[in-house]
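I opened the notebook to look up two things: how a pair of helices packs, and what makes up the nonpolar cores.

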Amino acid sequence: MKDEIDIYWFKRDLRLEDNEALWRASQSQRPILLIYIVEPDLYNDIHYSNRHWRFVMESLDDLNNTLRKYQTNILTVYSEVIPFLEILSSKFIINTIFSTEETGIAITYQRDLEVAKFCKNSNIIWNESKNGGVQRGLNNRSNWKNRWYRYMNTEIKQISLSNKEFIKLKEVENLNFNFSYPHDHSMQKGGRTAGKEWEDSFFKERVAYYSDYISKPELARFGCSRLSPYFAYGCISIREVYQRSIGLKQEGKFKKQLTAFNS
């Protein structure tokens with residue numbers, strides 16, 4: 001008999017905090033297999049380079065460092081999604097796939113349509129959660145701003161993984177999917193740990209120059225947050241940083257420095 005499991009599919013949400021999809025997965029009564037899929041079509045797409053994948057893999061390494069205390073690891077595979085799910089279905093009964101909605105490019109949009117069809121035909125539940133302040137399917141933007149602020153001010157759910165059953169590290173390793181990549185630390189390092197360091201230094205130092213320097217090519221790096229890649233790949237959520245900025249403003253830590261966050 002095959003074991004019944006759920007899957008958590010990491011995409012552009014490479015964090016264990018402020019992650020609604022992961023919170024939902026943590027409420028499941030079935031063991032969870034954590035996965036990240038490096039899709040060949042996406043890997044070779046003109047919109048991506050080795051820099052992007054280096055950042056992603058460093059972010060996964062950072063996540064795995066945290067996940068060791070739960071005796072598990074993220075299974076990282078090089079495959080298109082449906083062939084991988086077919087192989088995995090031969091080993092397990094997949095009940096539910098949890099993931100965060102992805103705002104990507106045409107390839108990822110088409111892939112999601114195909115995955116949705118595959119899940120429906122395979123009796124797999126695909127449970128997608130909202131991606132930050134992104135609002136899909138709107139007919140107009142008349143109330144977009146109010147909805148965005150409402151979301152950003154909602155309480156962040158605390159995720160407890162201590163009592164969650166994961167597919168154990170040894171079993172993940174035995175699934176025999178491998179993907180390696182070249183390390184190059186000459187640029188900003190991927191992962192939440194590095195992202196939080198940049199966030200801290202921004203609020204302690206660079207935020208004072210944000211509004212004055214951000215549009216000046218030679219000075220922007222001394223005032224910008226340096227958080228864009230961490231937002232793009234979900235190592236840090238925009239809501240986390242927004243709420244921190246509002247908290248600092250209310251404490252009177254700085255004045256004009258927060259102009260950019262309220263414009």
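I started with the orientation of α8 and α11 in this predicted model. How large is the angle at which α8 and α11 pack? I read about 25°, with the axes 12 Å apart. Angles under 35 degrees count as roughly parallel, so α8 and α11 are roughly parallel to each other. I noted the hand as well: the crossing of α8 and α11 is right-handed.

Next I listed the residues that make this contact. From α8 they are R192, K196, E199, D200 and F203. From α11 they are E240, V241, R244, S245 and L248. I then sorted the contact of α8 with α11 by class. Six residues are charged, three are nonpolar and one is polar.

Then I turned to the cores. Which residues touch the most other members of the largest nonpolar core? I found Y8, F10, L14 and Y36, in a core of 37 residues. I checked which elements give two or more residues to this core. They are β1 (3-10), α1 (20-26), β2 (32-38), α3 (50-67), α8 (192-204) and α11 (238-250). The helix α3 gives the largest share, seven residues. Both α8 and α11 are on that list of contributors.

I looked at F10 in detail. Leaving out residues up to four places away in sequence, F10 touches R15, L16, L34, I35, Y36, L63 and I74.

Last entry: another core lies apart from this one and has 23 residues. I wrote down I7, W9, L75 and I124 as being among them.

Conventions
Residues are numbered from 1 along each chain as its sequence is written. This is a predicted model: local features need pLDDT of at least 70, side-chain atom pairs count only at pLDDT 80 or more; totals for chains, interfaces and linings use all residues. Side-chain values use heavy atoms; hydrogens and water are left out. A nonpolar core is a set of buried Ala, Val, Leu, Ile, Met, Phe, Trp, Tyr and Cys residues joined through side-chain atoms within 4.5 Å. Buried means under 20% relative accessible area, exposed over 50%, partly exposed in between (1.4 Å probe, protein chains only). Helices (H or I, at least four residues) and strands (E, at least two) are DSSP runs, numbered from the N terminus. Contact means heavy atoms within 4.5 Å. Axes are lines fitted to C-alpha atoms, for helices over the stretch in contact, and angles run from 0 to 180 degrees between N-to-C directions. Angles under 35 degrees count as roughly parallel, over 145 as roughly antiparallel, 65 to 115 as roughly perpendicular and the rest as oblique. A crossing is left-handed if the near helix is turned anticlockwise from the far one by less than a right angle, and right-handed if clockwise. Ala, Val, Leu, Ile, Met, Phe, Trp, Tyr, Cys and Pro count as nonpolar, Asp, Glu, Lys and Arg as charged, and the others, Gly among them, as polar.
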